[in-house]
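Hi,

Here is the structure I promised to pass on to you. Have a look at it first, and then read my notes below.

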Amino acid sequence: MIMYPRGSEWRKWDLHVHTPASVLRNEFGQDWDTYVVELFTRAIAAEISVIGITDYFLPEGYRILKRDYLDNAQKMASLFDSQTLDAIRKITIFPNIEFRLTKLVLGKERDLSWNRKVNYHVVLSDELSLEKIESDFISQVKLCFDASTGSQAELRPLTRSNLEELGRRLILEHPPFADLGGELFVGMMNASVDEDDLIKILSRNATFKDKYLIALPCDEDLSDVHWNSQGHNIRKTLIKQAHFIFSSNPKTAKFFLGGVDKVSFVKEFGAIKACLWGSDAHTKEEMFRPAMNRHTWIKSDLTFEGLKQVVYDPSSRVSIQELCPQQKSSYQTIDRVRFLEHGSDKLFSNDWQLLNPDLNTIIGGKSSGKSLLLYHMARAVNAEEVDQKVRLSKSSAYTGLSSVDFEVVWSNGDVSKLSELDDRKPITYIPQLYINHLAEEDGKGQLNSLVKNILQQNSGFKNFSEAQERVITSVDKEIGAKIDSFFELRKRYHLLGKESEAFGTRPAVELEVERLKVSIAALRDKSGFTESEEAQFKRLTSRKASLDNREAVLVKIEEASRQAISATKDASDALVEDFKDKLLSGIELPGDSLYVIKMMASLEVNLNEALAKFHKGILSRIDCIPGSKDKLKNISFANEQALQPLLIKIVDQEALKLAIKQLGVEEAKLKNIDDILEKQESIKRQGIECKNELFSLYEKLVSAYKVYAEEIKKPEYQFDAGVNVSAVVAFKEDRFNEFVLSFDRRGSLDALLGSLVLPSGEFNFDINQQAARVKDIHDNFMKKSRVPTVRKGVEDIDVLKRLYSDCFYINYIVRYKDDDIATMSPGKRGLVLLNLILHLSNSSHPILIDQPEDNLDNRTIYDQLKDFVRQKKASRQIIMVTHNANLVVAADAECVIVANQAGQQIDGDVGKYRFEYFSGSLECTFDTLVHDGALRSQGIRQHVCEILEGGVSAFKEREMKYGFKV
């Protein structure tokens with residue numbers, strides 16, 4: 001028996017190829033050697049895996065091909081080389097007998113082309129002996145031979161001799177038949193049988209039980225047929241009896257799969273049915289070349305059991321198209337895996353375990369190595385993913401096999417190894433209990449990530465979310481920078497205050513200035529100034545004060561310019577880097593891409609050039625200051641010269657000089673104090689503005705989150721399958737507690753937090769009130785009245801940064817059929833979460849899942865979960881450990897891996913290794929005569945029925961669902 005350890009795979013089938021024995025139309029001639037060479041040479045070239053050898057009424061061609069060729073090794077060796085013979089042995093051959101029924105289906109030509117006897121195909125298992133087919137079936141069929149008035153029609157056995165005799169009689173009765181092609185031709189052309197007679201013979205003989213299928217040819221588009229005719233019930237009855245339809249018409253195929261109303265179709269026709277097609281070859285050129293390249297692809301083993309899968313699963317097991325339906329990318333499916341273990345006392349075989357690109361299920365008894373295999377497979381591919389999920393779900397990690405390596409080979413040839421953990425590939429690994437964890441409070445973060453990833457499958461939402469997250473990140477950075485600026489201003493304000501203290505208080509200095517002015521005026525009066533001299537003296541002294549002030553301004557400008565140059569030099573590197581970081585956060589290209597590197601280099605050059613130009617401009621102004629100083633000195637000297645004669649007239653010259661000098665000192669103090677007060681006032685205004693900008697930025701941060709949550713309400717982002725999602729802005733209490741813990745908790749927090757805290761001590765979070773409440777908390781903190789003291793070692797800047805930190809996240813609310821997932825039962829919640837993971841995710845890398853059926857009842861699994869799995873496996877490889885028969889049978893697993901550990905079966909022989917694995921398809925079915933307990937002593941179907949509770953029922957329900965009765 002040929003085994004197929006990879007399970008059901010897509011292969012090309014042609015069940016309608018005629019032979020030289022097809023009397024009604026034979027264009028091959030009678031050279032059987034040439035026919036056989038052409039048949040297999042063209043089949044191999046076309047990559048055909050199964051051929052249905054077709055003849056009319058009698059399996060003559062099949063008998064010749066089997067007896068004279070396939071069962072004659074010497075003959076085959078004379079026609080083919082060894083390599084071709086190996087390829088031929090892999091091709092399965094079925095007999096396909098084409099009958100003509102006694103029924104005529106009539107209708108308008110525009111509606112139906114069946115204005116003739118109906119063709120009827122019976123495809124038989126290759127396990128049936130030719131002798132049994134001829135003796136127990138063909139010879140039992142009754143041929144309508146003749147009739148006479150008022151009597152029943154004469155019926156004779158369907159044999160070659162009777163067909164020839166029928167032809168002879170008809171030629172005698174109707175001479176024009178003599179020119180058509182001989183007695184056998186005329187006999188077959190006119191022969192007809194009753195389909196009920198065919199079915200009765202096959203169904204009542206145990207030899208043919210489960211070993212025949214009936215196919216009804218249909219060339220027209222039945223979805224467009226006018227069914228309101230006398231032939232309605234005849235057509236419908238024939239369709240109901242057929243296991244599948246021979247047609248390549250896409251509309252007909254859709255019609256037989258239920259069309260737009262599957263329930264109504266099943267009610268009317270009994271079951272949905274698959275359409276298959278073949279080349280209907282009558283010439284060598286037609287072999288395996290169906291019209292329009294509509295090849296039949298069947299996903300199954302190359303056995304008759306495999307063919308029966310198109311009856312069980314007509315929508316997923318067969319496809320008529322030019323190219324293979326299996327189009328998953330080779331780098332996103334795992335081809336094979338194995339344990340690598342050295343030494344004589346090994347736990348595992350080093351043989352490869354093959355995997356199917358679609359659904360692989362791992363079954364077995366308790367502790368049989370199912371989860372062990374899945375875990376090592378996942379960890380060899382992506383240890384980080386596995387370790388994270390195991391940690392989160394608190395499930396088992398297999399740490400006791402440190403000496404065992406594991407190898408995964410991908411379909412494109414890439415290799416992943418457990419011993420090479422740095423080489424990671426994307427997978428989704430779902431260990432036991434992980435689904436439960438997602439539904440719990442501490443799994444909320446992972447659930448939010450899952451929903452977000454699914455939402456981002458929509459390109460519109462992906463673009464929006466990435467842009468909005470850049471806004472949030474940018475605003476958060478601006479808030480931090482604004483707080484830094486605020487405390488820098490506060491620092492400068494306090495430093496100016498200390499500087500002002502060195503000059504004394506302003507009232508005291510003002511009083512001293514007034515006293516000195518009175519003293520100088522008294523000295524002038526004693527000197528006997530004339531009125532004009534008094535005016536000139538006042539003008540010259542005022543001019544002197546003005547010139548001194550201008551010189552002081554020039555000194556300040558010169559010092560400020562040098563400070564600006566020094567400050568920009570010190571901050572230039574940080575300035576350039578901050579600017580580059582902000583720019584990088586706003587673009588989506590990776591930072592290490594060549595384009596971005598060149599762009600950043602260009603930005604850095606331009607910024608440095610701008611700073612250099614700025615420095616140059618300041619230096620040019622500094623260069624002008626010495627000239628301005630010289631001019632002022634000359635003017636001051638002239639003013640001093642004009643003032644000197646008047647000063648000489650003043651009595652008490654020394655007292656006057658001292659008073660004028662002291663006045664200059666005190667006026668300078670007053671000027672410095674005023675300058676400092678002016679600077680402080682300016683800083684105060686900047687501080688208020690900075691604080692307001694800080695509030696505005698925080699409001700902007702809150703608004704960005706609200707916009708984010710509001711966006712998700714849009715219809716285009718909603719899920720299907722009864723699942724919809726909304727979002728709210730939630731509060732990171734742990735993050736905000738960093739602010740609260742900055743204070744001594746011995747004091748009352750109510751005065752500080754206000755309405756943000758409830759009397760119970762819980763946070764009263766409301767995103768619409770959050771910005772205003774934070775502003776109040778800031779004001780309360782700055783007033784320092786009635787609020788708790790800050791903990792030792794915590795600075796005010798730390799407190800404000802914690803207050804204004806981003807304490808928000810988007811919390812997704814998942815609803816299934818209007819029920820919030822948070823209020824669902826564990827079973828229903830698990831189903832919805834699996835829906836999210838399996839059905840809604842469009843990721844294309846493999847998903848490895850351990851026992852998804854936990855907490856689900858069997859009916860829920862059959863009605864819903866298996867459909868999620870069936871839909872997702874078409875686009876994504878799934879490898880699943882399960883104990884549930886419906887996830888194996890009803891989900892139509894392409895590959896079933898049976899695990900076993902030594903000692904699980906009493907007196908059982910498990911072979912050489914402690915852990916063994918055996919795989920195949922659901923259609924793999926056999927029993928050995930002597931059951932020795934080994935894995936390979938029975939087929940996959942038998943293992944499923946033996947290991948999984950409800951396995952037998954699952955197979956029966958699957959087969960009855962599609963009306964499979966033989």
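Let's start with one cysteine. Cys895 counts as buried, because its relative accessibility is 0% and the cut-off for buried is under 20%. Cys895 is also in no disulfide: the nearest cysteine sulfur belongs to Cys924 and is 10 Å away. Before you go further, keep in mind that this is a predicted model.

Cys690 tells a similar story. At 5% relative accessibility, Cys690 counts as buried too. The nearest cysteine sulfur to Cys690 is that of Cys807, 20 Å away, and Cys690 is in no disulfide. In case the term is new to you, a disulfide is a covalent bond between the sulfur atoms of two cysteines. How many disulfides does the structure hold? The count is 0.

Now for the overall picture. The protein has 31 helices and 24 strands. Its C-alpha trace spans about 170 × 65 × 60 Å along the principal axes. The radius of gyration is 47 Å, well over the 30 Å that the globule rule gives for 966 residues, so the protein is more spread out than a compact globule. Even so, buried residues make up 48% of the 966 residues. If you take the contacts with a separation of 6 or more, 74% of them are between residues 24 or more positions apart.

Next, the inside. The largest nonpolar core has 104 residues, and the ones that touch the most other members are Phe736, Phe739, Tyr804, Tyr812, Leu836 and Val944. Helix H22 (residues 653-711) gives this core its largest share, 13 residues. Try clicking on Phe736: leaving aside neighbours within four places in sequence, its contacts include Phe731, Leu753, Phe763 and Cys807. Apart from this core lies another one, of 49 residues, and Val118, Tyr120, Phe208 and Ala242 are among them.

Last, a little sheet that is good for practice. It is an open sheet of 3 strands in the order S18-S19-S20, with antiparallel pairing. Which strands stand at the edges? They are S18 (723-731) and S20 (819-820); each has a single partner strand, so one side of each is left without a neighbour in the sheet. S19 (residues 808-816) is joined to S20 by 2 bridges, and Arg815 has Asp820 in S20 as its bridge partner. Helix H17 (residues 444-455) packs on the sheet, where it touches S18 and S19, and its direction makes about 75° with that of S19.

Have fun exploring!

Definitions and conventions. Residues are numbered from 1 along each chain as its sequence is written. This is a predicted model: local features need pLDDT of at least 70, side-chain atom pairs count only at pLDDT 80 or more; totals for chains, interfaces and linings use all residues. Side-chain values use heavy atoms; hydrogens and water are left out. A nonpolar core is a set of buried Ala, Val, Leu, Ile, Met, Phe, Trp, Tyr and Cys residues joined through side-chain atoms within 4.5 Å. Buried means under 20% relative accessible area, exposed over 50%, partly exposed in between (1.4 Å probe, protein chains only). Helices (H or I, at least four residues) and strands (E, at least two) are DSSP runs, numbered from the N terminus. Contact means heavy atoms within 4.5 Å. A disulfide is a pair of cysteine sulfur atoms within 2.5 Å. Two strands pair if DSSP finds at least two bridges between them. Axes are lines fitted to C-alpha atoms, for helices over the stretch in contact, and angles run from 0 to 180 degrees between N-to-C directions. The radius of gyration is taken over C-alpha atoms; the globule rule is 2.2 Å times the number of residues to the power 0.38.
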